[in-house]
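Subject: Structure handover

Hello,

Here is the structure I said I would pass on. Please load it first, then read the notes underneath.

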Amino acid sequence: MTTERLENNLIAYLTDVLPSEDISIVSETQRSTIDLPCLSIGASSSERYAVALPGVLKVGVDITLRCHAGDEIDSDVASWQDQIETILNDPSIIKSTCNDGILIQFWDYQGSTTSWDESVMETVYKAECLVMRI
């Protein structure tokens, strides 16, 4: 599936560029089985982009950073958040990461939101892209 290939490409790229080996980077489907901190990547939506462009999908991407919540955000976590956002905000870098039979035609980083509960801090980064198989 195209969305699965997109997830795998993003996982491979983020594994290479994130400076901390403390963060596990996994598919959204594996998130519940991984210890924190972890970064999960998932396609939240997928639909055909246009009838005139067969094989092009409009895909919503959610990248979620989950860490143990404390009274204050640890400086490492704040650094991770900033680095992830910097990476996702550069469409030329993201578009150049694909090498597994897909091509990202367009990448639109849409921002992030952070939420806390008693034990976990979660930052969700959202993006939308146009992807096609080659």
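The notes below cover the overall build, the sheet, the helix that lies on it, and the cysteines.

This is a predicted model, in which local features need pLDDT of at least 70 and side-chain atom pairs count only at pLDDT 80 or more, while totals for chains, interfaces and linings use all residues. Residues are numbered from 1 along each chain as its sequence is written, and side-chain values use heavy atoms, with hydrogens and water left out.

Overall build

The chain contains 3 helices and 5 strands. Both kinds of element are DSSP runs numbered from the N terminus: helices are H or I with at least four residues, strands are E with at least two. Read from the N terminus, the order is α-β-β-β-α-α-β-β.

The C-alpha trace spans about 50 × 25 × 25 Å along its principal axes. The radius of gyration of the chain is 15 Å, which agrees with the value near 14 Å for a compact globule of 134 residues. That radius is taken over C-alpha atoms, and the globule rule is 2.2 Å times the number of residues to the power 0.38.

Of the 134 residues, 40% are buried. Here buried means under 20% relative accessible area, exposed means over 50%, and partly exposed is in between, with a 1.4 Å probe and protein chains only. The accessible surface comes to about 7,500 Å², and carbon and sulfur atoms account for 46% of it. Areas come from the Shrake-Rupley method with a 1.4 Å probe; for residues, only the protein chains shown count as cover.

Taking contacts between residues at least 6 apart in sequence, 59% join residues at least 24 apart. A contact means heavy atoms within 4.5 Å.

The sheet

How are the strands arranged? They form an open sheet of 5 strands in the order E1-E2-E3-E5-E4, with mixed pairing. Strands E1 (24-27) and E4 (102-116) are at the edges and have a single partner strand each, so one side of each has no neighbour in the sheet. Direction ignored, neighbouring strands are turned by 20° against each other on average. Two strands pair if DSSP finds at least two bridges between them. Strands of a sheet pair through backbone hydrogen bonds, either parallel or antiparallel.

The pairings, in sheet order:

- E1 and E2 run parallel and are joined by 4 bridges; Val26 stands opposite Ser40 in E2.
- E2 and E3 run antiparallel, with 10 bridges; Ser46 has Val59 in E3 as its bridge partner.
- E3 (residues 56-68) and E5 (residues 120-133) run antiparallel, with 13 bridges; Asp62 stands opposite Lys126 in E5.
- E5 and E4 run antiparallel, with 13 bridges; Phe106 has Leu130 in E5 as its bridge partner.

A hairpin through 3 residues joins E4 to E5.

The helix on the sheet

Helix H1 (residues 2-17) lies across E1, E2 (38-48), E3, E4 and E5, and runs at about 150° to E2. Axes are lines fitted to C-alpha atoms, for helices over the stretch in contact, and angles run from 0 to 180 degrees between N-to-C directions.

Two residues of H1 are worth listing. Thr3 is in helix H1 and counts as buried at 13% relative accessibility. Leaving out residues up to four places away in sequence, Thr3 touches Ala43, Ser46 and Val59. Ser46 and Val59 are also the bridge partners named above for E2 and E3. The C-alpha atoms of Thr3 and Thr64 are separated by 17 Å, with their positions 61 residues apart along the chain.

Asp16 also lies in helix H1, and at 66% relative accessibility Asp16 counts as exposed. Asp16 and Gly111 are 95 residues apart in sequence and 22 Å apart in space, C-alpha to C-alpha.

Cysteines

How many disulfides does the structure hold? The count is 0, where a disulfide is a pair of cysteine sulfur atoms within 2.5 Å. For Cys67, the closest cysteine sulfur is that of Cys38 at 8.0 Å, which is too far for a bond. Cys67 is buried at 2% relative accessibility, and Cys129 is buried with a relative accessible area of 1%.

Regards
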